[in-house]
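This report describes the sheets, helix packing and internal cavities of one protein model. The sequence and coordinates are shown first.

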Amino acid sequence: MNVLHVGTHLDRQRRSPEELLEAWPTLTDLAVAVSRAGATVKILQVAGEDATLERNGIACEFVAERVVQVGRRDFFFPRRLAKRLAELRPDIIHVHGLSHPVHVRWLQRAVAGTRVLVQHHGGAVPRGWRIPLYRWGLAKIDAVSFTSSYLAAPFQRAGCFRAGLPVFEVVESSSWFTPGDQVAAREVTGLGGDPCLLCVGRLIPDKDPETLLEAVRLAARHLPELHLWWCYTEAPLLAAVERQIAADPGLRSRVHLVGRVPHDRMEEFFRAADMFVLPSLHEGSGYSLLEALATGLTPVVSDIPAFRKITGDGAVGMLAPVSDPEALSQAIVRLASADRGSLRAEARSHFERTLSFDLLGAQLASAYDTLVST
């Protein structure tokens, strides 16, 4: 089976194709996973320039489109992508992202009759005039996939999909991270604390940093050696977070805003910690949660559909109600007294059983087979 993974998300930073492969490792990770399941996979991605590269045995073709800037937004029609798609004639087209329905419709016209699966990679349910745009753009696709079927329900209720459109439940990605020596990792990263908490998430409203800081303040009453280390990239709430920390002496001494850490160093940060904490309000999946579990790190995260799916309904770690710092702090305190070696083994075992790339590739290959045979 010949599968084409298509990306229509235009990089705002206009990085070169080589840089994109480094910045977006999941671009090839999913393709490798499907390839290992027996399919022949190629990547077709919009970019600022044309290029043909190979990574991990996967052919990656980058296609430049004419971009029109309107205000702060960039727009393009995938004319050259559609032309190349028609030349390749794959058996299955796997489009990454639901956010460009017009592009999906345009591309599908170039390969009438070819099965199309569109995978959700986050993004809010459209409102107002965008709903009929989604309905039109996605009218002829053959299936969608979501990390959790609960995430598909709001799109269905809004009328974005035709009635009866198949929904495959497949986690967005996985991780190649592995467990390692915690003592050595702490020496390398400088992390410490008992327990040592790690948060990896942007300082944005959807990550609910206010709840996390309040939970740390409450948990510290019972855990005087607790420390929180926070790795982030985008940080529009940085000033607000700093004010909240500065206003509380207990937080000032135990909350460490690390900031940006290169991805190839993050494995050691996960290995160094005792718990992974993230009280998100919404997530399409949760890449940092997946990486935490891959290293055997115990999660304490919010009870939202994506996190329920990834943790097996809380089979590993603990889930806390959304925006409930008291419950989050109680979960941290409870897990702090558990046997941490056993918790690490459970987290890694759960990852291997339910979240590995091999399993993900098999699930996607099975979805493709279902679409081709119907």
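How much space lies in the largest cavity? The answer is about 40 Å³. The model is a predicted one, in which local features need pLDDT of at least 70, side-chain atom pairs count only at pLDDT 80 or more, and totals for chains, interfaces and linings use all residues. Residues are numbered from 1 along each chain as its sequence is written, and side-chain values use heavy atoms, with hydrogens and water left out.

## Cavities

A cavity is a set of points, on a 1 Å grid over the protein atoms alone, where a 1.4 Å probe fits but cannot get out; lining residues have an atom within 4 Å of a point. Grid points are joined across faces, edges and corners, and a volume is the space filled by probe spheres set on the points. By this rule there are 2 cavities of 30 Å³ or more.

| Cavity | Volume | Lining residues |
|---|---|---|
| Largest | about 40 Å³ | Val171, Ser173, Ser174, Thr354, Leu355, Ser356, Leu359, Leu360, Gln363 |
| Second largest | about 30 Å³ | Asp274, Gly296, Thr298, Arg340, Leu343, Arg344 |

Helices (H or I, at least four residues) and strands (E, at least two) are DSSP runs, numbered from the N terminus. Helix α16 (residues 357-373) gives the most to the lining of the largest cavity, with 3 residues. For the second largest cavity, the largest share, also 3 residues, comes from helix α15 (residues 340-354).

In the classes used here, Ala, Val, Leu, Ile, Met, Phe, Trp, Tyr, Cys and Pro count as nonpolar, Asp, Glu, Lys and Arg as charged, and the others, Gly among them, as polar. The lining of the largest cavity holds 4 nonpolar, 5 polar and no charged residues, whereas that of the second largest has 1 nonpolar, 2 polar and 3 charged.

## The sheet of 8 strands

Two strands pair if DSSP finds at least two bridges between them. One open sheet has 8 strands in the order β3-β4-β2-β1-β7-β8-β9-β10, with mixed pairing. Its edge strands are β3 (51-55) and β10 (167-169), each of which pairs on one side only. From one strand to the next, the twist averages 25 degrees. Axes are lines fitted to C-alpha atoms, for helices over the stretch in contact, and angles run from 0 to 180 degrees between N-to-C directions.

Within this sheet, β1 (residues 2-7) and β7 (residues 92-96) are paired in the parallel sense over 5 bridges. Val6 stands opposite Val95 in β7. Helix α3 packs on the sheet, touching β1, β2 (40-47), β4 (58-64) and β7, and its direction makes about 165 degrees with that of β2; contact here means heavy atoms within 4.5 Å. Helix α16 lies across β1, β7, β8 (115-119), β9 (143-146) and β10, running at about 130 degrees to β7.

The axes of α3 (residues 79-88) and α4 (residues 101-110) come within 8 Å and cross at roughly 35 degrees. Arg79, Leu81, Ala82, Leu85 and Ala86 of α3 meet Trp106, Leu107 and Ala110 of α4. These contact residues divide into 7 nonpolar, no polar and 1 charged.

The loop between β3 and β4 contains Asn56. Phi of Asn56 is near 55 degrees, a positive value in a residue other than glycine.

## The sheet of 6 strands

Another open sheet has 6 strands in the order β13-β12-β11-β14-β15-β16, with parallel pairing. Because β13 (255-259) and β16 (318-320) stand at the edges with a single partner strand each, one side of each is left without a neighbour in the sheet. Neighbouring strands are turned by 20 degrees against each other on average, direction ignored.

Strands β14 (residues 275-278) and β15 (residues 298-302) run parallel and are joined by 4 bridges. Phe276 has Pro299 as its bridge partner in β15. Helix α12 (residues 287-294) lies across β11 (196-200), β14 and β15, running at about 170 degrees to β14.

Helix α12 also packs with α15 at an angle of about 115 degrees, their axes 7 Å apart. The contact involves Leu290, Leu293 and Ala294 of α12 together with Ala347, Arg348, His350 and Phe351 of α15. By class, these residues are 5 nonpolar, 1 polar and 1 charged.

In the loop between α7 (182-189) and β11 lies Pro195. The peptide bond from Asp194 to Pro195 is cis, with omega near 5 degrees.

Conventions
On a 1 Å grid over the protein atoms alone, a cavity is a set of points where a 1.4 Å probe fits but cannot get out, and a pocket is an open set with protein on both sides within 12 Å along at least five of seven lines; lining residues have an atom within 4 Å of a point.
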